[in-house]
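Biologist: Please take a close look at one helix for me. I would like to know how its two sides compare with their surroundings.

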Amino acid sequence: MERMFGVKNTSLEHLLIPVKILVKNSLQRVVIFGDMGKAEVDGSNEYNDFQHASLNTTKQLIRDLNNIDLIFLIGDICYANGYLSQWDQFTAQVEPIASAVPFMVASGNHERDWPGSGSFYEDKDSGGECGVVAETMFYVPTENRAKFWYSTDYGMFRFCVADTEHDWREGTEQYEFIEHCLASVDRQKQPWLIFLAHRVLGYSSATFYADTGSFGEPMGRESLQKLWQKYKVDIAIYGHAHHYERTCPVYQNICTNKEKQHYTGPMNGTIHVVAGGGGAALAEFAALNVTWSFFKDYDFGFVKLTPIIRIQEEQ
Ligand SMILES: [Fe+2]
């Protein structure tokens, strides 16, 4: 159920002492996934009855709690769609987890979207919540919680968390935030730069994205890929498509590195991961294979990032 990848060989000779302290005292294990939902064990009182696998995710996270330092649930948190009782059910379900480790969230269509409410998409997926419940229920370190984008550093990671339900395109306030978040990281302190968002702004071969011909959210890559490339984002992780997929390091639809498992040195592109298998019913992949897609898994699960720095011995 858990996936671990991402050993980054970072040459930090000039930081020998701090790095040694980091390795000794600081190991960060970060779990990331989207589209969880909630369910009753006995199947009773279900409003949105397609998230039974969320019980398995919950169980697995509780079992592994001693090996988790931080969790991101990146949107489509519980599919309450306007029913507070569903939020109560969700918070009760994840209480053993959320009371033990930081439980960070991002905004998805099922938290925010409603016609005429200022959401980027005009669908009715939030059931009229318009983000109010999510931004009240969970703390996120935003400047303005109605605009659900934020930056946070944890150990060797910087996370730039976008809000796909508000406009991200060039010239917008959010685009400015994303660029500032990526540009301001000190890679000697946070060598890992991670971009998180709910909808797939990068690459996805889910049927519903492939059918649009854009293999991702229309305008996503066009708007943001030059930022990911310029600031050397290591990994971008999304939800919304309910399964797992990982790309090669990629830029402008072309793999910049053929390695599939162990990367060393500059990748010259960003690895895009879809981790939307948190519990809501699975989404199909398109039948065709695209070159940038390295791994597809029609299954539930979550991503777990663990940074490791290999130190050169002092002479
Ligand atoms: Fe979604």
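Modeller: Start with the outward side of helix α2: the face turned away from its buried side carries the exposed residues K59 and R63. Keep in mind that this model is predicted.

Now turn the helix around. Helix α2 spans residues 53–63, and its buried residues are A53, S54, T57, T58 and L61. These five cover an arc of only 150° around the axis, so they sit on the same side of α2. The spacing along a helix helps here. An α-helix has 3.6 residues a turn, so residues three or four places apart point the same way.

What do the buried residues of α2 pack against? Their partners are strand β2 (30–33), helix α3 (84–98) and strand β13 (302–305). UniProt, in an unreviewed entry, places a "Purple acid phosphatase C-terminal" domain at residues 269–306. Over that stretch the chain is 0% helix and 39% strand. Its end C-alpha atoms are 20 Å apart.

Helix α6 can be read in the same manner. It covers residues 173–183, with F177, I178, C181 and L182 buried. Seen down the axis of α6, the buried residues fall within an arc of 125°, so they line one face of the helix. The face turned away from them carries the exposed residues E176, H180 and A183. On the buried side, α6 packs against three strands, β5 (150–154), β6 (157–161) and β7 (192–197), and against helix α8 (220–230).

Definitions and conventions:
Residues are numbered from 1 along each chain as its sequence is written. This is a predicted model: local features need pLDDT of at least 70, side-chain atom pairs count only at pLDDT 80 or more; totals for chains, interfaces and linings use all residues. UniProt positions are given in the numbering used here, feature names are shortened, and annotations may be inferred rather than shown by experiment. Helices (H or I, at least four residues) and strands (E, at least two) are DSSP runs, numbered from the N terminus. A residue is buried if 20 or more other C-beta atoms lie within 10 Å of its own, exposed if 12 or fewer, and partly exposed in between; C-beta atoms are placed from the backbone. The arc is that of the directions from the helix axis to the C-beta atoms. Two residues are in contact if their C-beta atoms, placed from the backbone, lie within 7 Å.
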